[in-house]
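Subject: Structure handover and notes

Dear colleague,

Here is the structure for your files. My notes on it follow below.

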Amino acid sequence: QRILVCAGTGCASSGALPIIDILNDEIKRRGLEETVSVVGTGCQGFCEKGPTLVIEPQQILYTRVTGEDVAEIIEQELIKGERVERLLLVDQTTQKPVSSMEDITFFSKQHRIVLHNCGVIDPKKIEDYTARDGYKGIEKALKGMSPEEVMEEVKQSGLRGRGGAGFPTGVKWGFCRSTPSDKKYIICNADEGDPGAFMDRSVLEGDPHSVIEGMLIGAYAIGADEGYVYCRAEYPLAIKHLGIAIKQAEEAGYLGDNILGSGFNFHLKVFEGAGAFVCGEETALMASIEGKRGMPRVRPPFPAVSGLWGKPTNINNVETWSNIPHILRNGAEWYSQFGTEKSKGTKIFALTGKVNNTGLVEVPMGTTLREIIFEIGGGIQGGKKFKAVQIGGPSGGCLPEDMLDLAVDYDTLTQAGAMVGSGGLVIMDETTCMVDIARYFLNFSKKESCGKCTPCREGTTRMYEILDRITKGEGKEEDIDTLENLALTIKETSLCGLGQFAPSPILATIKYFRHEYEAHIRDHK
Ligand code: SF4
């Protein structure tokens, strides 16, 4: 029997780590060490209800566990085979306690591919990863597939980059592969910086070997022999687990020279970011690794032609890399059965804001916002009315209630003026002021602007001044038109994605909540 305790950053911050020691002591005191083991796992998903633990094999979920509950859990579960009802999750609809994870809507409505191991294995043990078919994907590639066949498999799967833009991954790999060079690099972008987003952090903390294996497969297909994981320094646990995983993979012969006797070499390092949001942009990220100030540059040349130290480089984010081992192991056809015609597979979302079930969820592409927010997310806190959802971080858009039935996929959301983005979903209720929300996100973009180009540097400041004026009741009649004009100009003329998408929350809130802007201006006259 195993007791899985979530030891990810979310649960650790609500007191999970001492529970592991207390559990081990209690198990020892009762002489159960031979039959029961305690495992500190990565994120189990239900962050708002943390610390959480799961009793296996029955899959019983306990929430908001404290050290004082441990003796009772052991006595009831392991000795008597009964539940501790007060620590079970209460179903939002029936108001009755639910014990088994498969009966909890939050879990049963999800489809976990990337999160397959998160919350289930000890991320610090490579044997836990290999016991669940880990490194089988790279073994399959090295033992029986040419780099071209690996690339074709990824192309056929329909996987699109999960970092925000949704560019087809296999096609992107092809650009780098076809550039002649004696040296090529691959990079994992783990500089997750959107407010409300913690998908990549959770994957790195809970299943770091999946990212390493994905990068190995990508390096083999592209012809790279060196890689970096650029991880934000604010993620110490992710960096620690990644470091342990790299060392273990080296010792097991999955990283280094002549991997599995194939003649393929690949070396991987972790690079800690320096705290600038703009370093999530590919060219700024590479400048940062090179020891320069992290600033975007004009493209072309694209990284696939001239990237890190002028060499062809391919960059994908954590979630994209983590999908790759599953595609290689199970095949493109298997993967492409999930999702929509043009957006295949699943997507991880970080659900935050005024929603009951704050946490980490993975659903097939094409799932509607209503299903994510009201079924998996359990609806709005305190029985209040839903007002809007901010999707895609500070560069995304705010969508109102009548768009809740939109399928979440790249093309549908772009048409609606939003974007899948990296996967942050911030839920707002009827008490939220949408002008204030636009000001909040714009303030973030304004502060993070690197200042290289005028439209973004000056434009975000000017837009912020107008928004600030409106929210203080000093708005003028012409402010909404000025905001729209500025937003469209900045969108068109900024150098990188930060500036190009910084106006999105303003354009979306004016489009769907114009009456709130008008009310601010009118009511304070
Ligand atoms: Fe820097 Fe903004 Fe220009 Fe990007 S758009 S290069 S963040 S000033």
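By class, the shell of residues around the ligand consists of 8 nonpolar, 4 polar and 1 charged. Please keep in mind throughout that this is a predicted model.

**The ligand**

In total, 13 residues surround the ligand. The closest are Cys 450, Lys 452, Cys 453, Cys 456 and Cys 496. As for the space that holds the ligand, it is the largest cavity.

**The second largest pocket**

The second largest pocket has a volume of about 510 Å³. Its lining is made up of 23 residues, and those closest to the centre are Arg 112, Leu 115, His 116, Val 120 and Arg 132. Three elements give two or more residues to this lining: strand S3 (53-56), helix H4 (105-108) and helix H13 (318-330). Which of them gives the most to the lining? That is H13, with 3 residues. By class, the lining of the second largest pocket divides into 9 nonpolar, 9 polar and 5 charged residues.

**Helix H13**

Of the 13 residues of H13, 12 are buried, so the helix is largely enclosed by the rest of the structure. The buried residues run from Val 318, Glu 319, Thr 320 and Trp 321 through Ser 322, Asn 323, Ile 324 and Pro 325 to His 326, Ile 327, Leu 328 and Arg 329. Charged side chains are therefore not excluded from the buried set, since Glu 319 and Arg 329 are both in it.

His 326 belongs to helix H13. Is this residue buried or exposed? His 326 has a relative accessible area of 7%, and because the cut-off for buried is under 20%, it counts as buried. His 326 also pairs up in space with a residue far off in sequence: Ile 113 is 213 residues away along the chain, yet the two C-alpha atoms are 7.4 Å apart. Just after H13, Gly 331 takes a positive phi of about 95 degrees.

**Strand S3 and its partners**

S3, which also gives residues to the lining of the second largest pocket, has two pairing partners described here. Strand S1 (residues 2-6) pairs with S3 in the antiparallel sense over 4 bridges, and the bridge partner of Val 5 in S3 is Leu 53. S3 and strand S4 (60-62) also pair in the antiparallel sense, over 3 bridges, with Ile 55 opposite Ile 60 in S4.

In a regular strand the side chains alternate between the two faces of the sheet. In S3, Leu 53 and Ile 55 point one way and Val 54 and Glu 56 the other way, and all are buried.

S3 and S4 form a hairpin with 3 residues between them. Gln 59 lies in that loop, and its phi is near 65 degrees, a positive value in a residue other than glycine. How accessible is Gln 59? Its relative accessibility is 28%, so Gln 59 counts as partly exposed.

**Strand S10**

In strand S10 (residues 313-317), 5 of the 5 residues are buried, so the strand is largely enclosed by the rest of the structure. Thr 313, Ile 315 and Asn 317 point one way, while Asn 314 and Asn 316 point the other way. S10 runs parallel to strand S7 (residues 185-190), and 5 bridges join the two. One of the contacts is at Ile 186, whose bridge partner in S10 is Asn 314.

**Backbone points to check by eye**

Two cis peptide bonds come one after the other. The bond from Arg 299 to Pro 300 is cis, with omega near 0 degrees, and the bond from Pro 300 to Pro 301 is cis, with omega near 5 degrees. Pro 300 lies in the loop between helix H12 (282-289) and S10, and Pro 301 is placed in the loop between H12 and S10 as well.

Asn 258 is another residue other than glycine with a positive phi, near 50 degrees. Asn 258 is found in the loop between helix H11 (236-251) and strand S9 (267-272). With a relative accessible area of 42%, Asn 258 is partly exposed.

Regards

Notes: Residues are numbered from 1 along each chain as its sequence is written. This is a predicted model: local features need pLDDT of at least 70, side-chain atom pairs count only at pLDDT 80 or more; totals for chains, interfaces and linings use all residues. Side-chain values use heavy atoms; hydrogens and water are left out. Buried means under 20% relative accessible area, exposed over 50%, partly exposed in between (1.4 Å probe, protein chains only). Two strands pair if DSSP finds at least two bridges between them. On a 1 Å grid over the protein atoms alone, a cavity is a set of points where a 1.4 Å probe fits but cannot get out, and a pocket is an open set with protein on both sides within 12 Å along at least five of seven lines; lining residues have an atom within 4 Å of a point. Grid points are joined across faces, edges and corners, and a volume is the space filled by probe spheres set on the points. A residue is near a molecule or strand if one of its heavy atoms lies within 4 Å of it. A molecule sits in a cavity or pocket if more than half of its atoms lie within 2 Å of its grid points.
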